[in-house]
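Reader: Hi! I have this one open on my screen and would love a guided chat through it. Mind if I fire off some quick questions?
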Amino acid sequence: MNRSFNKSQPLRHIDCNAVEVKSKYGAEFRRFSVDRVKPGRFEEFYKLLLHIHRIANMEMMIGYADVHGDLLPINNDDNFCKAVSTAHPLLRIFIQRQEEVDYSTFGTNTITRKKKAVVALRNSDISRRRPNIHIGLPHDFRPVSSIIDVDILPESHRRVRLYRHGSDKPLGFYIRDGTSMRVTPHGVEKVPGIFISRMVPGGLAESTGLLAINDEVLEVNGIEVSGKSLDQVTDMMIANSHNLIVTVKPVNQRNNVVRSSRISGSSGQSSDSSGSTGYPSLSMAAARETPSGAHGYHDDLESDEETDIVIESSLKRPSQRSSSSLASSASRTQQQLPPSHRSPQHHHHHHHVSLNQQLHKEPKHSQQHKPGQPQLHSSNPALRHSNGSLHKILNSLKTDPRHSFALPKGGVEEDGTVITL
Amino acid sequence: MMKFRFRRQSTDPQREKIKQELFAFKKTVEHGFPHQPSALAFDPKLQLMAIGTKSGAIKIYGAPGVEFTGLHKDATAVTQILFLPGRGCLLSVLDDNTIHRWELVAESTREVGGVKKEGVVSLREVDSYSLPGRPGIESSSATRATVLLLLKSCDLLCVGTEGGGVYVLELPRLSLKENQTLLQDHVTQSLPDDYRCGKSLGPVESLQEHPQQAGKILIGYSRGLVVLWDLSSRHADQLFLGKQQLESLVWERSGNLFVSSHNDGGYSVWAVTNGNIYNHQPVSSTIPYGPFPCKAITKILWRTTQLSSPVILYSGGMPRASYGDRHCLTIQQDKEHVTLDFTSRVIDFFTVHNMDNDKEFDDPSALVVLLEEELVVIDLLTPGWPSLPTPYLAPLHSSAITCSCHVTNVSTKLWERLINAGKAQQSRRHTHRKWPICGGKSLAPPPRQQELLLTGHEDGTVRFWDASGVALTPLYKLSTANVFHTDCDPIDDPHDPCDDPDMQQQEEEEEWPPFRKVGCFDPYSDDPRLGIQKISLCKYSNKLVVAGTAGQVIVLGLNDERSDHLVDVSVMDLLQDREGFTWKGHDRLEPRLKPAPFLPGFQPLVLLQCLPPASVTAVALHAEWNLVAFGTSHGFGLFDYHRRNAVLARCTLHPNDSLAMEGPLSRVKSLKKSLRQSFRRIRKSRVSGKKRAVITTTSKVQEANAALAEQEEVAPVQRRIEPRSADDSLSGVVRCFCFADTFLRDGTHHGPTLWAGTNSGSVYAYALEVPGVDSGRTCERGGASESSMCVEAVLGKEIQLMHRAPVVSICVLDGRGKPLPDPYEASQDLSIAPDMTNAHSVLIASEEQLKVFSLPKVSAKTKFKLTAHEGCRVRKVALVLFSSAVQEDYSEHTLVCLTNMGDMHLFNMPGLRPQVRFDCIRKEDISGIASCVFTKNGQGFYLISPSEYERFSLSAKVLIKPQCSVQLLRHLGHMFTW
């Protein structure tokens with residue numbers, strides 16, 4: 001068997017940067033290694049796996065066992081990178097045929113370190129005892145919330161990040177005025193504070209289990225709320241709603257994160273609330289986040305910028321027409337949308353359509369586009385349907401861009417979607 | 001990120017210095033009429049008038065431009081003001097039974113640049129005293145001051161009380177002279193038994209010093225008794241046994257007569273003849289508006305004249321049944337009799353007359369009447385007693401202010417035309433005699449430029465004010481009501497009825513009482529739909545756009561001649577065939593079908609009617625391209641008023657938005673609110689109508705209840721945290737427009753563009769094809785072919801801000817990052833030409849963020865997330881040119897941003913780096929924040945009450961504030977003669 005991934009590098013020269021990989025397909029094992037620092041792209045890795053397992057013409061699903069013993073999918077650069085960087089000591093890969101994949105096996109506690117359980121991957125006794133949590137298709141995995149900065153906050157505080165774009169749920173919570181007790185040089189004092197007053201059932205805030213009624217809000221995206229009115233705090237939260245980071249003092253202090261070297265080592269992101277709540281708290285390291293563990297909200301403010309949408313009608317200089325009744329201009333808008341652009345290969349229709357609309361998010365992000373990834377071109381029936389109404393486009397965008405635009409699997413980067421109609 | 005920017009900014013000492021030279025915040029002057037005035041006084045020697053208000057403010061006015069303002073520490077009503085004539089000193093009595101001493105303090109003369117400058121005088125509170133007997137305690141109301149009298153000698157202050165006692169205080173210490181106190185028992189003893197009849201004399205209603213004999217005062221008791229009291233001998237000279245409840249007293253100049261006014265609407269003249277102590281009957285007694293029961297004459301003045309019989313002036317006395325609700329003041333002299341009919345309550349009045357002791361007659365020259373809502377001055381020297389236009393204290397709120405607009409640097413030509421148009425409007429009965437209150441001297445430099453403030457009102461008028469200096473003076477009034485056919489429309493009469501009250505007066509000549517409507521405060525709007533919502537004026541082409549509550553947009557042009565013409569009407573459907581919407585609001589206003597006569601001034605050219613007729617929310621005018629853009633809660637339109645052609649209509653309505661179709665009048669919430677407000681108004685007016693309302697326990701309970709009710713009104717203490725969504729209500733409201741000659745298509749061709757921003761964070765950018773406009777320059781409109789061509793608009797870009805906050809302002813910046821010049825400024829070389837070689841950018845300010853995007857490709861360059869950082873929301877935004885106060889030619893374009901917290905944030909352009917922050921308006925003052933307008937040079941105005949604009953300056957250089965001197969009769973500066 002081909003045991004070495006990188007043939008130019010003999011096995012004995014592998015230093016501490018190398019990660020041993022043990023991949024399993026059916027009953028077969030393969031062993032090789034990858035560079036921990038530069039693992040390469042997922043696509044290459046995928047091809048390599050197919051090659052060494054001699055699999056052809058089949059869609060495969062790649063999974064790995066993470067440090068907690070959970071079976072997690074590898075399907076893009078981000079989670080591949082994460083898998084390699086957290087492998088300890090070796091990266092255990094499980095390959096399944098796409099059509100055979102049982103998604104219920106992904107998630108928490110699906111694999112334990114016990115060898116027995118690893119073998120009984122599908123229906124372990126553990127998963128039978130606990131109700132199975134359906135997590136959805138792996139390519140739909142996106143973070144919805146996380147606890148961050150555990151290493152720098154007092155243990156009585158919790159900093160929760162809610163990703164609105166990861167979910168079509170409402171944020172779903174209310175805040176109120178209240179009084180809180182503070183220890184000051186003059187003793188314990190009553191000071192005004194802001195508290196979570198209500199959770200919307202089924203909302204994002206409730207479903208994460210990280211926020212609770214009567215938690216005191218201390219900070220919003222790094223800005224202290226003390227001295228600010230309820231309205232101000234409301235406005236701040238709404239203004240940050242695309243990437244809301246609230247620091248709370250939980251009313252229930254029993255589930256606090258206990259700091260340990262292991263967790264703080266893994267970039268301060270923790271998912272151990274899952275144990276207490278029964279819900280998975282996914283923390284996925286996105287590629288844009290520096291893997292060094294510098295997860296301040298400062299860089300979040302920059303990187304996780306919501307992107308304004310610009311719909312461009314490429315303007316031909318209109319002919320010098322003398323008639324310009326409203327009716328004629330209205331009929332022109334009807335023509336603005338091309339009759340049909342179904343095929344994704346249809347890139348260069350600029351020539352035969354006088355007015356073509358480009359829907360793209362801010363170009364800043366299109367520049368971030370990885371050169372290797374093909375730009376996505378899609379024709380969306382919903383868009384044509386909407387007759388160019390910005391509202392409808394945006395509505396469909398808001399709910400879930402992936403669904404409404406019928407994007408091919410795995411081909412979209414988080415930001416910088418460029419869609420040419 | 002921002003923290004770093006702040007830090008970097010503040011550590012640069014050079015930058016700090018420049019900032020200090022550019023920015024400085026100061027509230028400079030209050031324009032308009034003081035809200036809820038409660039006291040009036042006049043210093044005949046210094047020719048200064050003082051007005052006290054219910055909120056505890058004292059304002060002193062002299063010659064136009066001479067103004068002083070003082071504010072008591074407690075916001076308690078000023079009940080009385082007394083000048084110490086000639087000394088630049090005054091006493092104010094507050095409702096809480098305290099007396100405060102104010103002085104006009106002059107700064108020492110200083111030399112500035114080799115020129116000796118006269119000392120600027122300011123008003124300061126020097127001292128305060130508490131009179132015995134606090135309000136609110138029932139038992140001590142006996143010592144509550146009702147009237148005060150300052151003796152001419154200025155050394156004694158007599159205080160009349162509720163309990164009927166008269167106390168004498170010594171100035172300046174205001175120490176009580178115990179042995180001088182005159183209690184009621186003392187007087188009662190000397191009364192004949194049949195008059196005494198065991199009843200109290202009641203509170204002291206009036207104290208008047210004998211005009212000739214110092215030390216003798218006339219004391220009038222509520223029950224009707226009047227006593228001539230000698231202060232030195234502590235002895236009643238004479239007793240006048242009046243039987244009618246007393247309201248006020250006044251001496252005749254000689255001291256041989258005095259006049260008393262009474263509760264039954266009558267007045268009596270009493271002769272003061274030496275001899276008998278008791279006077280049982282007055283010389284004469286008259287009830288002028290009898291014989292039916294009349295209301296009280298609250299105050300009466302008796303002024304002698306050399307050439308004719310005395311002038312009698314009195315307020316009230318109206319026949320109770322028929323005219324009991326009128327606010328009237330009567331002037332009578334011989335046969336001449338005028339009943340001035342005001343629209344608001346008479347607070348107080350005085351005459352300007354001869355005060356010299358050696359003169360034999362009063363010879364009054366003017367009557368000054370302080371009303372609840374305005375100041376009216378009547379010229380008593382001109383026959384017919386016409387009213388005098390007031391140079392200050394203009395009632396801004398004569399009809400409620402609905403919007404305002406400021407125009408900087410108005411050309412002399414336009415200025416003169418406006419003044420002439422204004423003069424043509426003034427009624428015949430206005431006199432042009434000199435303003436009678438002429439004390440002090442304004443030291444403020446003459447205004448550098450003419451500035452216009454335009455206010456839109458609920459009654460459909462637009463008023464033009466001279467805002468160049470300290471005194472805000474009316475120039476011209478434009479009424480838009482005559483474009484429409486309204487219920488109360490006198491078809492044949494071009495005048496607004498309130499425009500010319502004298503016309504009515506002629507018709508009512510035979511009526512008794514001989515009413516004459518005076519003043520311009522008119523709180524009753526004929527039709528709320530006439531209300532003005534948006535104003536835009538092009539000062540170069542003299543085109544004006546005025547838009548109102550019922551979706552009307554009127555384009556007007558300036559014409560010096562009267563004109564009778566029919567106004568073109570164009571209807572714009574902004575729903576654009578959207579289905580499923582039915583407008584539930586008010587109807588549109590019916591345009592007048594017959595040609596209407598229009599007076600010199602701004603005359604309507606075109607009326608655009610938006611459908612549905614919702615209130616216009618945004619308007620923009622580009623006179624060079626003859627285009628007007630307008631928006632409502634449903635969409636926006638573009639109209640070419642030169643060719644009378646609708647260019648564009650666009651619906652912005654969100655399919656789920658139901659509220660937008662409700663219309664303002666049918667909204668349940670607002671109806672409830674207005675009901676509540678009207679009840680409150682009734683309650684308030686009842687309280688204020690009562691004379692000297694003693695705060696009793698019951699009223700305290702009421703107050704507490706009211707406070708509780710107010711608290712209940714405060715919105716629930718819970719706030720939902722949810723990102724804004726597209727289907728929030730009223731998301732389609734068009735908030736702002738921007739016309740710009742810039743690069744929308746590509747980086748090489750620029751051309752006219754129109755930008756529109758909505759409540760839901762959408763921005764629409766249209767490329768315009770304006771015939772004759774190429775590459776930003778207007779060519780001569782010569783060819784006939786060109787004139788037949790039409791303006792075209794093509795949607796170039798739609799931008800959706802992802803945070804969806806309402807777009808407050810859009811502005812295009814040139815290649816140097818400076819705002820593009822106004823229409824005509826570039827083509828007529830009135831400003832530095834914009835940089836068209838480097839890439840342009842567009843500033844889009846939403847309620848949450850300020851963002852600069854590059855053009856033509858709309859990509860974010862810089863941004864500042866104000867709400868995310870500060871928790872405040874942007875309410876008003878303006879690009880202002882700040883000039884350095886030190887360096888002659890240095891100036892910076894700065895973005896000024898007023899937030900819902902009432903503070904001003906200043907950002908540099910186009911970097912959007914925060915410069916300074918000033919607290920400006922209380923955050924509770926929502927109407928103040930909503931009414932704020934900025935000038936282009938760093939000043940601004942906002943309403944501090946329905947009738948007053950506060951003027952403020954953010955610029956270290958441009959500062960319009962009162963600077964006045966007063967020639968005081970006391971010796972130099974602070975030395976006091978007493």
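Reader: Let's start in chain B. Which residue in S67(B) is the bridge partner of Gln939(B)?

Author: Happy to help, and please keep in mind that this is a predicted model. The bridge partner of Gln939(B) in S67(B) is Ser953(B). The two strands involved are S66 (residues 939-945) and S67 (residues 948-955) of chain B, which run antiparallel and are joined by six bridges.

Reader: What order do the strands of that sheet have?

Author: The order is S1-S67-S66-S65 in chain B, an open sheet of four strands with antiparallel pairing. Strand S1 (23-32) and strand S65 (933-934) of chain B are the edge strands, each pairing on one side only.

Reader: And which strands does helix H2 of chain B lie across?

Author: Helix H2 (residues 13-22) of chain B lies across S1 and S67 of chain B, and the helix runs at about 10° to S1(B).

Reader: While we're on S67, what does Arg951(B) form a salt bridge with?

Author: Its partner is Glu451(B), with the closest N and O atoms 3.4 Å apart. Arg951(B) sits in strand S67 and Glu451(B) in strand S35 (residues 450-457) of chain B, so to speak a link between distant parts of the chain, 500 residues apart.

Reader: Are those two buried or exposed?

Author: Arg951(B) and Glu451(B) are both buried.

Reader: Switching to chain A. How many helices and strands are there?

Author: Chain A has 14 helices and 15 strands. Of its 421 residues, 48% are buried.

Reader: What does UniProt list for residues 18-98 of chain A?

Author: An unreviewed UniProt entry lists "domain: PB1" for that stretch. In the model, residues 18-98 of chain A are 26% helix and 42% strand, and the end C-alpha atoms lie 29 Å apart.

Reader: Which strands form the open sheet in chain A, and in what order?

Author: Five strands, in the order S2-S1-S5-S3-S4, with mixed pairing. Strand S2 (28-35) and strand S4 (71-74) of chain A each have a single partner strand, so one side of each has no neighbour in the sheet. From one strand to the next, the twist averages 30°.

Reader: What stands opposite Phe94(A)?

Author: That would be Gly63(A), with Phe94(A) belonging to S5(A). Strand S3 (residues 60-65) and strand S5 (residues 90-97) of chain A pair in the antiparallel sense over five bridges. Helix H2 (residues 77-86) of chain A packs on this sheet, touching S1, S2, S3, S4 and S5, and its direction makes about 130° with that of S4(A).

Reader: Where does helix H1 of chain A lie?

Author: Helix H1 (residues 42-52) of chain A lies across S1, S2, S3, S4 and S5 of chain A as well, running at about 150° to S2(A).

Reader: Back to charges. How many salt bridges are there over all chains?

Author: The count comes to 44. One of them joins Arg159(A) and Glu219(A), whose closest N and O atoms are 2.9 Å apart. Arg159(A) is in strand S7 (residues 158-163) and Glu219(A) in strand S10 (residues 216-220) of chain A, 60 residues apart.

Reader: Why does Arg159(A) count as buried?

Author: Because its relative accessibility is 4%, and buried means under 20%. Glu219(A) is buried too, at 16%.

Reader: Last one: which residues are linked in a network of salt bridges?

Author: Asp235(A), Arg735(B), Glu847(B), Arg873(B) and Arg875(B) are linked that way.

Technical notes:
Residues are numbered from 1 along each chain as its sequence is written. Chains are lettered from A and ligands numbered from 1 in the order in which they are written. This is a predicted model: local features need pLDDT of at least 70, side-chain atom pairs count only at pLDDT 80 or more; totals for chains, interfaces and linings use all residues. Side-chain values use heavy atoms; hydrogens and water are left out. Buried means under 20% relative accessible area, exposed over 50%, partly exposed in between (1.4 Å probe, protein chains only). UniProt positions are given in the numbering used here, feature names are shortened, and annotations may be inferred rather than shown by experiment. Two strands pair if DSSP finds at least two bridges between them. Contact means heavy atoms within 4.5 Å. Axes are lines fitted to C-alpha atoms, for helices over the stretch in contact, and angles run from 0 to 180 degrees between N-to-C directions. A salt bridge is a side-chain nitrogen of Lys or Arg within 4 Å of a carboxyl oxygen of Asp or Glu.
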